[in-house]
Amino acid sequence: MIRVLVADDSRVMRQIVIRTLRQAGYDWEVREAADGAEALEAVRADEPDVILSDWNMPEMTGLDLLRRLRAEGFDTPLGFVTSEGSPEMRALAEREGALFLIAKPFTPEGFRAVIDPVLA
């Protein structure tokens, strides 16, 4: 079973992401983190198969999380689920090694469209 870590400072948004994953047909084991620093600790303790992270969070942003993970030698696949999806943000995410950026609002079909090719 695939293990996913969902990192977002909004508990409600974490629940929406988890529900959307389930609606998209992903029956994954889910853990949650309330910010990037908590997500980093969770990865250090028990590396998941994939990380879905918000971009803007207190303590440590999603981008900083991605950079720290790579600096520490983790190559855990990470995708952003965020409220902004500008071309500049998408380009920066790709340059830093993110697998995808899903902009809110999102749908189960949208999740499948970006996640399925990554899992293939």
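This is a selection-by-selection tour of a predicted model.

**The annotated span**

Start by selecting residues 3-119, which an unreviewed UniProt entry lists as "domain: Response regulatory". Helix makes up 47% of this span and strand 20%. The C-alpha atoms at its two ends are 13 Å apart.

**The sheet**

Next, show the strands. There are five of them in an open sheet, ordered β2-β1-β3-β4-β5, and the pairing is parallel. Colour β2 (29-33) and β5 (100-103): each has a single partner strand, so one side of each lacks a neighbour in the sheet. On average, neighbouring strands here are turned by 20° against each other, direction ignored.

Move inward to β3 and β4 (residues 78-82), a parallel pair joined by three bridges. Within this pair, S53 is found opposite F80 of β4. Now add α3, which lies across β3 and β4 and runs at about 175° to β4. Then add helix α5 (residues 108-119), which packs on the sheet with contacts to β3, β4 and β5. The direction of α5 makes about 170° with that of β5.

**D54**

Select D54, in the loop that links β3 (50-53) to α3 (62-71). The unreviewed UniProt entry lists D54 under "modified residue: 4-aspartylphosphate". Is D54 buried or exposed? Its relative accessibility is 6%, and because the cut-off for buried is under 20%, D54 counts as buried.

Expand the selection to its contacts. Beyond residues up to four places away in sequence, D54 touches A7, D8, D9, G62, F80, V81, T82 and K104. F80, already seen opposite S53, is thus one of the residues to display around D54.

**The nonpolar cores**

Hide D54 and turn to the nonpolar side chains. The largest nonpolar core has 22 residues, and those touching the most other members are L5, W55, L65, L69, L78 and F80. Two or more residues come from each of β1 (3-7), α2 (36-45), α3, β4 and α4 (87-96).

Centre the view on L69. Which residues does L69 touch, leaving out those up to four places away in sequence? They are L40, V43, I51, F74 and L78. There is also a second, separate core of 17 residues, with Y26, V50, F100 and F106 among them.

**α1 against α5**

Keep α5 on screen and add helix α1 (residues 11-23). The two helices pack with their axes 8 Å apart and at an angle of about 75°, which means that α1 is roughly perpendicular to α5. To see the contact, show the side chains of V17, T20, L21 and Q23 from α1, together with P108, F111 and I115 from α5.

**R31, on an edge strand**

Finish with R31, which belongs to strand β2, one of the two strands at the sheet edges. R31 has 22% relative accessibility and counts as partly exposed. Apart from neighbours within four places in sequence, R31 contacts V4, L5, V6, A42, D46, E47 and P48. L5 in this list is also among the core residues that touch the most other members.

As a last selection, draw a C-alpha to C-alpha distance from R31 to R68: the two are 19 Å apart in space and 37 residues apart in sequence.

Note on methods
Residues numbered from 1 in each chain as written. Predicted model: local features only at pLDDT ≥ 70, side-chain atom pairs only at ≥ 80, totals over all residues. Heavy atoms only, no water. UniProt positions renumbered as here; feature names shortened; annotations may be inferred. Helix = DSSP H or I, 4+ residues; strand = E, 2+ residues; numbered from the N terminus. Buried < 20%, exposed > 50% of the residue type's maximum accessible area, 1.4 Å probe, protein only. Contact = heavy atoms within 4.5 Å. Pairing = 2+ DSSP bridges. Axes fitted to C-alpha atoms, helices over the stretch in contact; angles between N-to-C directions. Core = buried A, V, L, I, M, F, W, Y, C linked by side-chain atoms within 4.5 Å. Parallel < 35°, antiparallel > 145°, perpendicular 65-115°, else oblique.
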